[in-house]
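User: I would like to learn how to read a protein model. Please take me through the features in turn.

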Amino acid sequence: MKQKIVMRVHMNCQKCRTKALKVVAAANGVNFVGLDGEEKDKLVVIGDGVDAVRLTNSLRKKVGQTDIISLAEVKAN
């Protein structure tokens, strides 16, 4: 089951953004990682079998405050 997770991560510098992207990209099952929003504070993750709670806890530990905004299933075309 492919899913799309959108998280708001408190990132106030480029170093924090890079660190957050590396943490997410290293997670199992992640196919796509991107930044979204006007202030580039939303992290979009698309993957197969990604554990959203474990990913959020990892980001909180290594980067800072993280909240899950949405979790949706991606329809296969």
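User: Which strands does α2 lie across, and at what angle does α2 run to β4?

Analyst: Helix α2 lies across β1, β3 and β4, and runs at about 155° to β4. Axes here are lines fitted to C-alpha atoms, for helices over the stretch in contact, and angles run from 0 to 180 degrees between N-to-C directions. Contact means heavy atoms within 4.5 Å. Helices (H or I, at least four residues) and strands (E, at least two) are DSSP runs, numbered from the N terminus. The other helix, α1, lies across β2 and β3, running at about 160° to β2.

User: What should I know about the model and its numbering?

Analyst: The model is predicted: local features need pLDDT of at least 70, side-chain atom pairs count only at pLDDT 80 or more, and totals for chains, interfaces and linings use all residues. Residues are numbered from 1 along each chain as its sequence is written, and side-chain values use heavy atoms, with hydrogens and water left out.

User: How do I read the sheet, and in what order do its strands come?

Analyst: Strands of a sheet pair through backbone hydrogen bonds, either parallel or antiparallel. Two strands count as paired if DSSP finds at least two bridges between them. Here 4 strands form an open sheet in the order β2-β3-β1-β4, with antiparallel pairing. The edge strands are β2 (30-36) and β4, each of which pairs on one side only. From one strand to the next, the twist averages 20°.

User: How many bridges join the pairs, and which residues are partners?

Analyst: Strand β1 (residues 2-9) pairs with β3 (residues 42-48) over 7 bridges, and Val 6 has Val 44 in β3 as its bridge partner. Another 7 bridges join β1 to β4 (residues 66-73). In that pairing, Ile 5 has Leu 71 as its bridge partner, while Lys 4 stands opposite Ala 72. Strands β2 and β3 pair over 6 bridges, and there the partner of Leu 35 is Leu 43.

User: Why do the buried residues of a helix come at intervals, and which ones are buried in α2?

Analyst: An α-helix has 3.6 residues a turn, so residues three or four places apart point the same way. Buried means under 20% relative accessible area, exposed over 50%, and partly exposed in between (1.4 Å probe, protein chains only). In α2 (residues 52-62), Ala 52, Leu 55, Thr 56 and Leu 59 are buried. They cover an arc of only 100° around the axis, which puts them on the same side of α2. The arc is that of the directions from the helix axis to the C-beta atoms. Val 53, Arg 54 and Lys 61 are exposed on the other side of α2.

User: What covers the buried residues of α2?

Analyst: The cover includes β1, α1 (14-25), β3 and β4. Two residues show this in detail. Thr 56 counts as buried because its relative accessibility is 3%; leaving out residues up to four places away in sequence, Thr 56 touches Met 7, Thr 66 and Ile 68. Ala 52 counts as buried at 9% relative accessibility. Apart from neighbours within four places in sequence, Ala 52 is in contact with Ile 5, Ile 68 and Leu 71.

User: What is found at the N-terminal end of α2, and what comes just after α2?

Analyst: Asp 51 caps the N-terminal end: a side-chain oxygen lies 3.4 Å from the backbone nitrogen of Val 53. Just after α2, Gly 64 takes a positive phi of about 155°.

User: Where else is phi positive?

Analyst: Most residues other than glycine have a negative phi. Lys 40 has a positive phi of about 55° although it is not a glycine. Lys 40 lies in the loop between β2 and β3, and is partly exposed, with a relative accessible area of 41%. The hairpin of β2 and β3 has 5 residues between the strands, and in it Gly 37 takes a positive phi near 95°.

User: Which residues does UniProt list as a domain?

Analyst: For "domain: HMA", the unreviewed UniProt entry lists residues 2-71. UniProt positions are given in the numbering used here, feature names are shortened, and annotations may be inferred rather than shown by experiment. In the model, the end C-alpha atoms of residues 2-71 lie 11 Å apart, and the span is 33% helix and 40% strand.

Definitions and conventions
Polar contact = N/O pair within 3.5 Å; in protein donor to acceptor, adjacent residues only side chain to side chain.
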